[in-house]
Amino acid sequence: MSATAPAHDTTVRTALLEHFRQFAAVFDSMNVIVYVADLDTHEVLFVNPYTESLFGSVVGKKCWQALQAGQPGPCPFCSNHRLVVDGRPQPPYVWEFQNTVTGRWFLCIDRAIRWTDGRLVRMEVAVDITARKEADALREQILSLISHDLRNPLCGMSSAGQNLRDRLRELGQPELAQVAGDLVSSAHRMDALIEELVDTVRLHSGTLQLRRAPVDLAALVRGLAFAMDRRRISVDAPVEPPPLHVDASRFARVVENLLSNALKYSPADSNIEVTVGIEGEEAVLRVRDHGIGIAAEDLPRVFTRFFRASGAQKKAPGLGLGLYGARLIVEAHGGRITVESEPGRGSCFRVALPLS
Ligand code: ADP
C-alpha cells in the first residue's frame, strides 16, 4: 500500500503540471487584458502578461493608480458597485471604455468572481477595439460628408432646375420645360436615394437618431397611396389608430417601399389593398398585392441586405435594400414587419407598431 501511493501521487502531480502548463501557454499568449482587484481596497491581485506589457508591474498597487491616469481616487466610472448586489455576484457588466493611460478603446467585461481565499473580487477582461472605433469614426465622417456636402450641390441643381422649368413655361417652351422638370425629378430621386443609403448605414450601426412626433398613420398611408397610384391602391381604415409616436419621414419611407414593391411586383391592372387598424395593443398596417409572390425558400431572406429573388431584376430594377431598411426602421420603433406570400397569387406585408 505504502509502496504504490507515491507513484499515484507522482502521476497526479505530472498530470496537474501538464494541465497547468497548457493553461498558462494559452492564457499567457492572449492579447487581452485580464486583471483581478479587491472590490473594496482596489488593490490589484493578479494581471496576465499582456496587461503587464501595457502597464508594467502593477500587482499590489491600486487599480485606479496603476491602470488609469490622473485619478485622485477610485475612478468615477468604476463598475464595482454593479458587480455585487446584496452580497451576490451579478451577471457580467459589459461596456466600452477609452483607457486613460494608453488612449486605446476596450470592450470590457467585468464580473465578481470568488478568489482563491474565498472573498469576492473584481475580474475584468478587456479586448482592444480601437481599430473598430476608428473605423466607426471614419464611417461617421464619410456619412456626414455624403449627407451634407454631396446633397448641397444636388439641392442647388434642383432649385436651379425649378427656376429654369418655370422660366421656360413662361417663355412658352413646354417641351423644354418638361426636360427641366425631368432634371428636377432626377435630382429629387437621387437626394432620396442618398438619404436612404445614409439612414440604412446609420440604422445598421445603431447610430440613427429618430425624430419622433405624433403621426396619423391612416392619413399618412392615404396621402402616399393617393400620390403613388390612386387608381390601383385602395386604403381601408375601419378603426383608425390614435396618433403614433413615430419618425414621420422614416416611417413614410417604409410605407412607400411596401407600396412601390406591391406596384412593381404585380400586373399593371391588378389592385393593391391596404388596411390600417388596431389589433390588441398594436397599430397594424397590411399591404396586399396580387402579384408574382415570393417563393417559400426566399421568405426568410426578404428582409436581409441586398436580397433580390431570382427573376426580380428582370421584373424591376432595385438594390435589394428597401425591405432591409424598412425592417430596421420598424424595429427601431419597437415594431415588427412580416410577410405571407404565395408564388403566383401575391404577397401580404404586415407592419405592427406599439400603440404607445
Ligand atoms: P428591391 O425591390 O429594390 O429589389 P426590396 O428590399 O424592396 O428591394 O425587396 C427585396 C426583394 O424582395 C425584391 O427584389 C423582390 O424579389 C422581393 N419582393 C419585395 N416585395 C415584393 C412583393 N410585393 N412581391 C413579390 N416580391 C417582392
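This report walks through the main helices, strands, cores and loops of the structure above.

The model is predicted, so a few ground rules help: local features need pLDDT of at least 70 and side-chain atom pairs count only at pLDDT 80 or more, while totals for chains, interfaces and linings use all residues. Residues are numbered from 1 along each chain as its sequence is written, and side-chain values use heavy atoms, with hydrogens and water left out.

**Helix α5**

Let us begin with helix α5, residues 130-170. Helices here are DSSP runs of H or I with at least four residues, strands are runs of E with at least two, and both are numbered from the N terminus. The expected span of a helix is 1.5 Å times one less than its number of residues. For the 41 residues of α5 that gives 60 Å, and the end C-alpha atoms are 59 Å apart, which agrees.

The helix also has a bend of about 35 degrees at Arg151, and a proline, Pro153, follows within four residues. The bend at a residue is the angle between axes fitted to the seven residues ending there and the seven starting there.

Buried means under 20% relative accessible area, exposed means over 50%, and partly exposed lies in between (1.4 Å probe, protein chains only). The buried residues of α5 are Thr130, Leu143, Ser147, Arg151, Leu154, Ser158, Gly161, Arg165 and Leu168. An α-helix has 3.6 residues a turn, so residues three or four places apart point the same way. The partners against which the buried residues of α5 pack are β6 (105-114), β7 (120-128) and α6 (174-205); contact means heavy atoms within 4.5 Å.

Helix α6 holds Arg202, which is buried, with a relative accessible area of 16%. Leaving aside neighbours within four places in sequence, Arg202 is in contact with Glu140, Leu143, Ser144, Thr207 and Leu208.

**A five-stranded sheet**

Next comes an open sheet of five strands, in the order β2-β1-β7-β6-β5, with antiparallel pairing. Two strands pair if DSSP finds at least two bridges between them. The edges are β2 (44-47) and β5 (93-98), each with a single partner strand, so one side of each is left without a neighbour in the sheet. Between β1 (residues 33-38) and β2 there are three bridges in the antiparallel sense, and Ala37 sits opposite Val44 in β2.

**Positive phi values**

Most residues other than glycine have a negative phi, and most peptide bonds are trans. The table gathers residues with a positive phi.

| Residue | Place | Phi |
|---|---|---|
| His42 | loop between β1 and β2 | about 65 degrees |
| Asp86 | loop between β3 (84-85) and β4 (88-89) | about 50 degrees |
| Gly172 | just after α5 | about 70 degrees |
| Gly334 | just after α10 | about 80 degrees |
| Gly344 | turn between β13 and β14 | about 85 degrees |

Are His42 and Asp86 buried or exposed? His42 counts as buried at 11% relative accessibility, whereas Asp86 counts as exposed at 69%.

**The nonpolar cores**

A nonpolar core is a set of buried Ala, Val, Leu, Ile, Met, Phe, Trp, Tyr and Cys residues joined through side-chain atoms within 4.5 Å. The largest one has 43 residues, and Leu258, Leu285 and Val351 have the most contacts inside it. Elements that each supply at least two residues of this core include α7 (217-229), α8 (248-264), β12 (282-288) and α10 (322-332). Helix α8 gives the most, with eight residues. A second, separate core of 16 residues includes Cys63, Leu67, Phe97 and Cys108.

Which residues does Val351 touch? Not counting residues up to four places away in sequence, Val351 touches Phe251, Val254, Leu258, Ala283, Val284, Leu285, Val330, Arg336 and Ile337.

**Helix α10 and the hairpin**

Helix α10 is mostly covered, with eight of its 11 residues buried. The elements covering its buried residues include α6, α8, β13 and β14.

Strands β13 and β14 form a hairpin with three residues between them, and they pair in the antiparallel sense over seven bridges. In this pairing, Ser341 stands opposite Ser347 in β14. The side chains of β13 alternate: Ile337, Val339 and Ser341 point to one face and are buried, while Arg336, Thr338, Glu340 and Glu342 point to the other and are not.
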